[in-house]
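Colleague: Before I plan around this model, could you take me through how its helices and its interior are put together?

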Amino acid sequence: MKRRTEDYEALLEHTGLSLLECVCLGKSLSEQRRSLKLPPQLSVVRDATLYAEALLNRRSTRASISFREAVRLHIQRKRERRTRTRDECRSVLLRMIREVPGLGRAKVHGIHARKCRAVIEQVFSTPAMRVKARRILHNFFENARRNGWCDANPVSSLHFSSAAERTIAALPLVQVARLLRALHRPEHAACIPAVALMLWGGVRPYEVARLHWADVDLAERVVYVNPQHSKTGGARQVSLRVPLLQILRTAAREACPDSPVVPPNWTRRWKALRLAAGFAQWRPDTLRHTFASYHFKRYGDPNILQWEMGHAGQELLRTRYLNMRGITAQDARKFWSAAIWRDSAG
């Protein structure tokens, strides 16, 4: 009994744990040993000592790791993510370190919610950037918590309201026809597959720039958007409906599977096409919004539309994407018919 008491006293002195903490720890480890059917010769003191040493290492790591070092390790961990995602994360976190004196040296476990709010508000002035910075910092602290650098995520309790975004209206049918007529011109014909995928597939501009013909499955009538190419990091497939299916079938006859869907100098060509069609001002996601609105007006299935848009839920569809004012049922039928592409050639 005396020997056991000395063992416990040594353990307490070595770890700095209280007697109550050791009792709770011993009880927990004893129950865990029984549930895992570990051999009885593994004593509670031995288990507790190993746990205490791990706890000391964790405390040591917590006390030593700075925000700058944690950011370096966090970015390194994201090396498998899309380049755009990784660069965005690096840019936001390093900007915080540059513009907030002492932040890089601060210990991660000592940064609390009030400090996080002050950093975001000091570095970023627009509502949209504050929302983005909050998301990136939240992800950073989740990684820090999993690594034992802090006990909780201080950003979880923070909320920043985003600015009311200006509505992006779907193109009326007359403007869709105007774009298609310009697309038929010889100097813009190389853009046909990419524009068709944005207009009748809802593929984002930078997603379509990363697509290859191998991603287009004409037999299954789908196009695959790989996770490393999507905005959200998730894979999805988009159905090839008429007239998109007809357009891609024609274009695929002369295409190599390893070649990109977009032509060389895609960004310049896409801008020139818009100007040729009379669109001096252009919102980046206009064709994606057009796709969503005509899709829902014609098919009325939010579940399919959500999947093809690559959204985690339907909130964005309801609040931002579906602008069907002025689109009639007849317009929607024509938008999804073979006639709209054929007639625009004349």
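Modeller: Please keep in mind that this is a predicted model. At the start of helix H14, a side-chain oxygen of Asp301 comes to within 3.0 Å of a backbone nitrogen, and that nitrogen belongs to Asn303.

Colleague: Which residue follows H14, and what is its phi?

Modeller: Helix H14 spans residues 302-309, and its buried residues are Leu305, Gln306, Glu308 and Met309. The residue that follows H14 has a positive phi, and this residue is Gly310, with a value near 80°.

Colleague: Which elements do the buried residues of H14 pack against?

Modeller: Among the buried residues of H14 are Leu305 and Met309. The buried residues of this helix pack against one strand, S3 (236-239), and against helix H13 (286-299) and helix H15 (315-321).

Colleague: Why are the buried residues of H4 on the same side of the helix?

Modeller: In H4, which covers residues 67-77, the buried residues are Phe67, Ala70, Val71, His74 and Ile75. They lie on the same side of H4 because the arc they cover around the axis is only 135°. The buried residues of H4 pack against helix H5 (83-99) and helix H7 (127-146).

Colleague: Which helix gives the largest share of the largest nonpolar core?

Modeller: The largest nonpolar core has 51 residues, and Val195 and Trp200 have the most contacts inside it. Leaving aside neighbours within four places in sequence, Trp200 is in contact with residues including Leu180, Pro243, Phe291 and Trp341. The largest share of this core, eight residues, comes from residues 192-201, which form helix H9.

Definitions and conventions
Residues numbered from 1 in each chain as written. Predicted model: local features only at pLDDT ≥ 70, side-chain atom pairs only at ≥ 80, totals over all residues. Heavy atoms only, no water. Buried < 20%, exposed > 50% of the residue type's maximum accessible area, 1.4 Å probe, protein only. Helix = DSSP H or I, 4+ residues; strand = E, 2+ residues; numbered from the N terminus. Arc of directions from axis to C-beta. Contact = heavy atoms within 4.5 Å. Polar contact = N/O pair within 3.5 Å; in protein donor to acceptor, adjacent residues only side chain to side chain. Core = buried A, V, L, I, M, F, W, Y, C linked by side-chain atoms within 4.5 Å.
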